[in-house]
Amino acid sequence: MEAVSARPCTIRHMSEVAIILSDVPAVVADVAAGPAPACVPALTRLGRFGHGASVTGWRTWLAGWLGRPDLAPLAEVSPAVVAAATMENAPHGSLWLATPVHLTAGLRSVHMPPDGLLRLDAGTADDLMRQFNADFGTLGFMLRPVPGGGFLAQGPRFETLPTTVDPASLLGADLAGATPQGPGAAPLLRLGAELEMWLHEHPLNLARMRQRLPCISTLWLWGGGLVQAPAVNAAGAGTAVLGDDAFAAGLCALSGGQYQGGAPDVRTILDAAERQARVAAVVALLATEPASLAAATTMHELLQRLDAQLLAPLLAALGSGGLQRLSLVANGSVTTLGARAGLKFWRRARA
């Protein structure tokens, strides 16, 4: 997120903005609903004056927000099917999101470090996809690129779909019990084992080591489902979704919402709010990008940056009447503050 000062609000109409934190670790999953420390004053104000509610997950919430509650089952269990709506050539068989991850191995367990979700540059992603398709195509699996630096894996049809876990929910956690589970898990487990061996001394990883970048341990396969064609309508007209996320892109294609890729900053969000009645921004706090690796950043520092560079200017726009409503979605909670709360919003805190 780029540093920016709060600019005078020039929004021509009252807009609603939602900030979705897509990769908040479980240890801070309640950041939007619980008390926030004084070093993050915007989060503190949201938690104090906003209305909090529980949600099943940010993808389900976004489907409802875009007027597509009928897609909630896919959003929760099979987001890859929604992501496939952006594909020009219709896939077949099964679909899986394939997320590049970096894992660390201990004496007794394997962990997903806080920066374990990797955002590959375009050249690395293209090379990895091309070589995967050449080496694993005989097993019936092929990769296609999707927004966010990840992939959509097309595989054979599964008689029984296994249960999988979103890797963003595993950041900083032990991976015990997080691998595919259920009667249909065997093909994915075999592919996962072969991927780890394939990537262990792969030239792409050797190059990353020379650049002091984290190695790609595997492609985490999750969120799968059988290919289907969800109905398309214009329920999301008048809305925009910003951010690099395959599910969000597919959901916009199915709902008529405007999708804009790229890491959203406050200028991008306010510019979109000038044109659209409602704007949602999918923000990845921890996705590792090569340009940001030189300065190691803690979760505490990331939250401070989010607070100062994104939430504080948006709250200023809300306080000045430029925005109608501001929501923060973080894993299992959503906190919403409306413009009508302005009087108490700016009131000095009680002792």
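This is a guided tour of one protein chain, with a selection to make at each stop.

**The whole chain**

Start with everything shown as a cartoon, and keep in mind that this is a predicted model. The chain holds eleven helices and 14 strands, and buried residues make up 51% of its 351 residues. Among the contacts in the chain with a separation of 6 or more, 72% are between residues 24 or more positions apart.

**The seven-stranded sheet**

Next, select the strands of the open sheet whose order is 2-14-13-1-12-10-11, a sheet of seven strands with mixed pairing. At its edges stand strand 2 (51-54) and strand 11 (258-260), and since each has a single partner strand, one side of each is left without a neighbour in the sheet. If you look from one strand to the next, the twist averages 15°.

Now narrow the selection to strand 13 (residues 323-330), which is mostly covered, with six of its eight residues buried. Strand 1 (residues 15-21) runs parallel to strand 13 and is joined to strand 13 by seven bridges; to find one of these pairings, select valine 17, whose bridge partner in strand 13 is leucine 326. Strand 14 (residues 333-338) pairs with strand 13 in the antiparallel sense, over six bridges, and here you can select alanine 330 together with its bridge partner in strand 14, serine 333. What is the phi of asparagine 331 in the hairpin of strand 13 and strand 14? This hairpin has two residues between the strands, and asparagine 331 takes a positive phi near 55°.

Move along the sheet to strand 10 (residues 239-242) and strand 12 (residues 278-283), which pair in the parallel sense over four bridges. Threonine 239 is a good residue to select here, and its bridge partner in strand 12 is arginine 278. Then add helix 8 (residues 246-255), which lies across strand 10, strand 11 and strand 12 and runs at about 155° to strand 11.

**Helix 10 and two of its contacts**

Select helix 10 (residues 299-319) and helix 9 (residues 266-275), which pack at an angle of about 35° with their axes 9 Å apart. On the helix 9 side the contact is made by Val266, Ile269 and Leu270, and on the helix 10 side by Gln309, Leu310, Pro313, Leu314 and Ala317. Coloured by class, the residues of this contact of helix 9 with helix 10 divide into seven nonpolar, one polar and no charged.

Keep helix 10 on screen and replace helix 9 with helix 1 (residues 41-49), which packs with helix 10 at an angle of about 45°, their axes 8 Å apart. Helix 1 and helix 10 are therefore oblique to each other. Show the side chains of Pro41, Ala42, Leu43, Arg45 and Leu46 in helix 1, and of Asp307, Leu311, Ala312 and Leu315 in helix 10, because these residues make the contact. In the contact of helix 1 with helix 10 there are seven nonpolar, no polar and two charged residues.

**Helix 5 and helix 6**

Select helix 5 (residues 122-136) and helix 6 (residues 186-200), whose axes come within 13 Å and cross at roughly 120°, which makes helix 5 oblique to helix 6. The crossing of helix 5 past helix 6 is right-handed. Where they meet, Leu128, Gln131, Phe132, Asp135 and Phe136 belong to helix 5, while Leu191, Glu194, Leu195, Trp198 and Leu199 belong to helix 6. By class, this contact of helix 5 with helix 6 has seven nonpolar, one polar and two charged residues.

**Proline 180 and the three-stranded sheet**

Select proline 180, in the loop between strand 8 (173-174) and helix 6. Is this proline 180 buried or exposed? Proline 180 is buried, with a relative accessible area of 15%. Leaving out residues up to four places away in sequence, proline 180 touches Pro162, Thr163, Thr164, Ala185, Leu188 and Leu189. A distance to display is that between the C-alpha atoms of proline 180 and leucine 161, which are 19 residues apart along the chain and separated by 9.5 Å.

Finish with the open sheet of three strands in the order 4-5-8, where the pairing is antiparallel. Strand 4 (104-105) and strand 8 stand at its edges, each with a single partner strand. Strand 4 and strand 5 (residues 110-112) run antiparallel and are joined by two bridges, and alanine 105 has valine 110 as its bridge partner in strand 5.

Methods:
Residues are numbered from 1 along each chain as its sequence is written. This is a predicted model: local features need pLDDT of at least 70, side-chain atom pairs count only at pLDDT 80 or more; totals for chains, interfaces and linings use all residues. Side-chain values use heavy atoms; hydrogens and water are left out. Axes are lines fitted to C-alpha atoms, for helices over the stretch in contact, and angles run from 0 to 180 degrees between N-to-C directions. Angles under 35 degrees count as roughly parallel, over 145 as roughly antiparallel, 65 to 115 as roughly perpendicular and the rest as oblique. A crossing is left-handed if the near helix is turned anticlockwise from the far one by less than a right angle, and right-handed if clockwise. Contact means heavy atoms within 4.5 Å. Ala, Val, Leu, Ile, Met, Phe, Trp, Tyr, Cys and Pro count as nonpolar, Asp, Glu, Lys and Arg as charged, and the others, Gly among them, as polar. Buried means under 20% relative accessible area, exposed over 50%, partly exposed in between (1.4 Å probe, protein chains only). Two strands pair if DSSP finds at least two bridges between them.
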